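I opened the notebook to record a reading of one structure, entry by entry. I looked up single residues, then their surroundings, then the whole chain.

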Amino acid sequence: MKGKKNLTFRQFMCKESTAGVVFCAPFIIGFLMFMIVPMGISFYYSFCDYNILTPAVFSGAKNYIKMFTDDEVFWQTIGVTFYFAFVSVPLRLIFALIVAMILLKTTKATGFYRAAYYLPSIIGGSVAVAVLWKRMWATDGVINTLLGAIGIETSFAWLGNTNTAIWVLIVLAVWQFGSSMLIFLSALKQIPVSLYEAATVDGANKWHQFWRVTLPLLTPNIFFNLVMQMINGFLAFTQCFIITQGKPLNSTLFYTVYMYQQSFEFYNTGYGAALAWIMLVIIGLITLVLFATKKFWVYEGGF
């Protein structure tokens, strides 16, 4: 009887549909419990007056009306976040592609350099790096010290100027180009050498080969990196929260930090939930635009 039960269990597990459900169950349960349910609760709170300390009171579209008609800081954070994302992401991809092309040539130290360039992507979003970065750009930090060493005497307040503070955060974001670099490096290795040989025979120099061969074949990878990094750009939090706290004059106040402030510092949690849903809509629209324009510039014809 025991053997029969074991055999039946094996037969049960051997069914593809059953095995699929069993192995996917942990993810499905986790996704429902930690994603869908919290999102549903957040959506409900976005229509409520809620401050964490007292029960939520349904208030209709009050939070959304206030957001678009009576909150100047909301519009300011939208502008800051768009500026940060649309400047930092292209620069990050450009640097990633340049470094990937440099590392394409294999040497004894190639493995070390690849790991070294990828390291900022692992540690770049940490609080420790943000604190270090803040000290580097302080008036008595490393940057001003280096400028003084080459004869440029300065005690410029990089983080205290409304024109330069955002660029301190942008430079930090660009420095974290390692993940995009690895994707570009992998794609570059997949391009057949025969295409470059044929281009050389036709009289194309290195510059022409890059624009006519390399870049078109990299467009699928550029598109992937662009979508992923753009989403990350709009969700950036640690840089602003640790380094500038949105100062000076909210010139570096990211949308996510403002959402955090409303939810957990000012105890306007219902309003913070409404901000979160607007951000979701913004990211969705930008992603939709990227996919809609994909057919105009992404080459998917293969090698």
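**Entry 1: Thr-77.** I located Thr-77 in helix 4. The model is predicted, and I read every value below with that in mind. Is Thr-77 buried or exposed? I found a relative accessible area of 1% for Thr-77, which is under the 20% limit, so I recorded Thr-77 as buried. Leaving aside neighbours within four places in sequence, I listed the contacts of Thr-77 as Leu-253, Phe-254, Tyr-255 and Tyr-258.

**Entry 2: helix 13.** Two of those contact residues, Tyr-255 and Tyr-258, appear among the buried residues of helix 13, so I turned to that helix, which runs over residues 255–265 and has eight of its 11 residues buried. Helix 13 is therefore largely enclosed by the rest of the structure. I noted the buried residues as Tyr-255, Thr-256, Val-257, Tyr-258, Met-259, Gln-261, Gln-262 and Ser-263. Which helices do they pack against? I recorded helix 3 (62–69), helix 4 (72–102), helix 11 (206–234), helix 12 (238–244) and helix 14 (269–292). After helix 13 I came to Tyr-267, which has a positive phi near 60°.

**Entry 3: the largest nonpolar core.** I then looked up the largest nonpolar core, which has 67 residues. Which of its members touch the most other members? I wrote down Met-67, Phe-74, Phe-84, Phe-234, Phe-254, Tyr-255 and Leu-275. Helix 4 supplies the largest share of this core, with 12 residues. I followed Phe-84 further: not counting residues up to four places away in sequence, Phe-84 touches Val-89, Ile-166, Leu-169, Ile-170, Ala-173, Gly-233, Ala-236, Gln-239 and Phe-254.

**Entry 4: Thr-244.** I placed Thr-244 in helix 12. The relative accessible area of Thr-244 is 4%, again under 20%, so I recorded this residue as buried. Beyond residues up to four places away in sequence, I found Thr-244 touching Leu-159, Leu-169, Gln-239 and Thr-252. Leu-169 and Gln-239 were also on my list for Phe-84. I also checked Thr-244 against Gly-270: the two are 26 residues apart in sequence, and their C-alpha atoms are 25 Å apart in space.

**Entry 5: Thr-162.** I found Thr-162 in the loop between helix 7 (142–149) and helix 8 (165–175). Why did I not enter Thr-162 as buried? Its relative accessible area is 35%, and buried requires under 20%, so Thr-162 counts as partly exposed. I listed Pro-248, Leu-249 and Ser-251 as residues that Thr-162 touches, not counting residues up to four places away in sequence. Lys-247 lies 85 residues from Thr-162 along the chain, yet I read 8.0 Å between their C-alpha atoms.

**Entry 6: the whole protein.** I closed with the overall values. The secondary structure comes to 15 helices and two strands. I noted a radius of gyration of 25 Å, whereas a compact globule of 303 residues would have one near 19 Å. The C-alpha trace spans about 80 × 70 × 40 Å along its principal axes. Of the 303 residues, 37% count as buried. Among contacts with a separation of 6 or more, I found that 68% join residues 24 or more positions apart. The accessible surface comes to about 18,100 Å², and 71% of it belongs to carbon and sulfur atoms. Finally, I recorded 19 positive and 11 negative charges, with mean positions 17 Å apart.

Key:
Residues numbered from 1 in each chain as written. Predicted model: local features only at pLDDT ≥ 70, side-chain atom pairs only at ≥ 80, totals over all residues. Heavy atoms only, no water. Helix = DSSP H or I, 4+ residues; strand = E, 2+ residues; numbered from the N terminus. Buried < 20%, exposed > 50% of the residue type's maximum accessible area, 1.4 Å probe, protein only. Contact = heavy atoms within 4.5 Å. Core = buried A, V, L, I, M, F, W, Y, C linked by side-chain atoms within 4.5 Å. Rg over C-alpha atoms; globule rule 2.2 N^0.38 Å. Areas by Shrake-Rupley, 256 points an atom, 1.4 Å probe, with all protein chains shown as cover. Lys, Arg positive; Asp, Glu negative; His and termini not counted. Charge placed at Lys NZ, Arg CZ, Asp CG, Glu CD.
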